[in-house]
Each structure stands twice: as C-alpha cells, then as structure tokens.
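Trainee: I'm new to this one and would like a close look at a single part of it. Could you pick a loop and walk me outward from there?

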Amino acid sequence: MSKRRKRGRDALPGPDDLFSASADRRASIKEAQLCAQVRETLSFALADTTDDTLLSVFVLDVVPAPDQSRLAVQVEAPGDPDEVQRRLVQALGRLRTEIAHAIHRKKVPNLTFVVFGMDRERG
C-alpha cells in the first residue's frame, strides 16, 4: 500500500481541493472589483446630480450583502439620515442605470443604502 492510502484520503489535498481554493480566491477578487466599480460609479453619479441633498452624500464603502447580487452601499451625509435615505431610494433607478453602463455583467446588482450621519464636531 502506498503512504497515501495508509494515512487516509483526507491527509493530502486532492486536485478538487486545490481547484476549489483557486476558484474561491478568483470569486473573491471579482467581488472586490465589482464593489470598487460600483463605489466609483456611484460617487460620480451622486456628484453629477441636481438634488442638493444627494450632492452632499459621500460613498464610504460598497460591500456584498450577502453576495454580489445585492450590494450594501454605505454613505455618509449631513442632515437627516431618513431624508437622505428617501432621496437615494427615489434616485435608485437612475443610479442602477449608471452602474449598468459602467460594469459588464448580465444583471445589475440590487442596492441597499446604509446612511450614516456626519459628526457635527468634524465639520
């Protein structure tokens, strides 16, 4: 018997394990690239809006929630976070259209917004 058999099948990683790790890493990189593209696109789209409330919104981060089909957009804005949330939801169609033009995917991810108020002491 070979050493491999004596130790058992779980002792050494097989080809499936190696390819699985590579695929997971590649998926993670693609997910990070998508989030970065969406963050940049939203930053430009919000800077190009005519809504004064949305002009002051700063995109902090974009993260998968729970995967890349739905993204959580974390933003910071002065004023009432509920009002900013309402305006972002109103602009959602236009923002997703901008994202569709910027990314090369079959489906545009759904967006959810998490609004953080700005600390008055920093301003």
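Mentor: Let's start with Pro66, which sits in the loop between β1 (58-64) and β2 (70-77). Keep in mind that this is a predicted model. The peptide bond leading from Ala65 into Pro66 is cis, with omega near 0 degrees.

To place that loop, step back to the whole chain for a moment. The chain has five helices and three strands, and along the sequence they run α-α-α-β-β-α-α-β. Of its 123 residues, 24% are buried. Take the contacts between residues at least 6 apart in sequence: 57% of them join residues at least 24 apart.

Now go to the strand just before our loop, β1. Asp61 in strand β1 pairs with Arg39 in helix α2, 22 residues away, so this link ties together distant parts of the chain. It's a salt bridge, and its closest N and O atoms are 3.2 Å apart. Arg39 is partly exposed, at 27% relative accessible area, and Asp61 is partly exposed at 27% too. As a general point, side chains of opposite charge can pair when their charged atoms come close.

Strand β1 also has a hand in something on the surface. Phe58, Leu60, Val114 and Phe116 make up a nonpolar patch there, with about 340 Å² of accessible area together. Both β1 and β3 (110-117) supply at least two residues of this patch. Val114 is in strand β3, and its relative accessibility of 34% makes it partly exposed.

Next, look inside. The largest nonpolar core has 23 residues, and those with the most contacts inside it are Val38, Leu42, Val73, Leu88, Leu95 and Leu111. Both strands flanking our loop, β1 and β2, are among the elements giving two or more residues to this core, along with α2, α4 (81-90), α5 (92-102) and β3. Helix α2 provides the largest share, six residues. In soluble globular proteins, nonpolar side chains tend to be buried together. Take Leu111 as an example: beyond its neighbours up to four places away in sequence, Leu111 touches Val38, Leu42, Leu71, Val73, Leu92, Arg96 and Ile99.

Helix α2 is worth following to Leu46, which lies in that helix. Leu46 is buried, with a relative accessible area of just 3%. If you set aside residues within four places in sequence, its contacts are Leu54, Leu55, Val57, Val59, Leu88 and Leu95. One of these partners, Val59, is 13 residues from Leu46 along the chain, and their C-alpha atoms are separated by 8.9 Å.

A little further on, Thr49 is in the loop between α2 (15-47) and α3 (52-55). Thr49 is buried too, at 13% relative accessible area, and its side chain makes a polar contact of 3.5 Å with the side chain of Arg94.

That loop holds Asp51 as well, and Arg87, its salt-bridge partner 36 residues away, is in helix α4. The N-to-O distance for this pair is 2.7 Å. Asp51 counts as buried at 18% relative accessibility, because the cut-off for buried is under 20%. Arg87, at 22%, is partly exposed. The pair belongs to a network of salt bridges linking Asp51, Glu83, Arg86 and Arg87. Within it, the side chains of Arg86 and Glu83 meet at 2.7 Å, N to O; both residues lie in helix α4, three residues apart, about one turn of the helix.

Key: Residues numbered from 1 in each chain as written. Predicted model: local features only at pLDDT ≥ 70, side-chain atom pairs only at ≥ 80, totals over all residues. Heavy atoms only, no water. Helix = DSSP H or I, 4+ residues; strand = E, 2+ residues; numbered from the N terminus. Buried < 20%, exposed > 50% of the residue type's maximum accessible area, 1.4 Å probe, protein only. Contact = heavy atoms within 4.5 Å. Polar contact = N/O pair within 3.5 Å; in protein donor to acceptor, adjacent residues only side chain to side chain. Patch = residues over 30% accessible without salt bridge, like charges linked within 9 Å, V, L, I, M, F, W, Y side chains within 5 Å. Areas by Shrake-Rupley, 256 points an atom, 1.4 Å probe, with all protein chains shown as cover. Salt bridge = Lys/Arg side-chain N within 4 Å of Asp/Glu carboxyl O. Core = buried A, V, L, I, M, F, W, Y, C linked by side-chain atoms within 4.5 Å.
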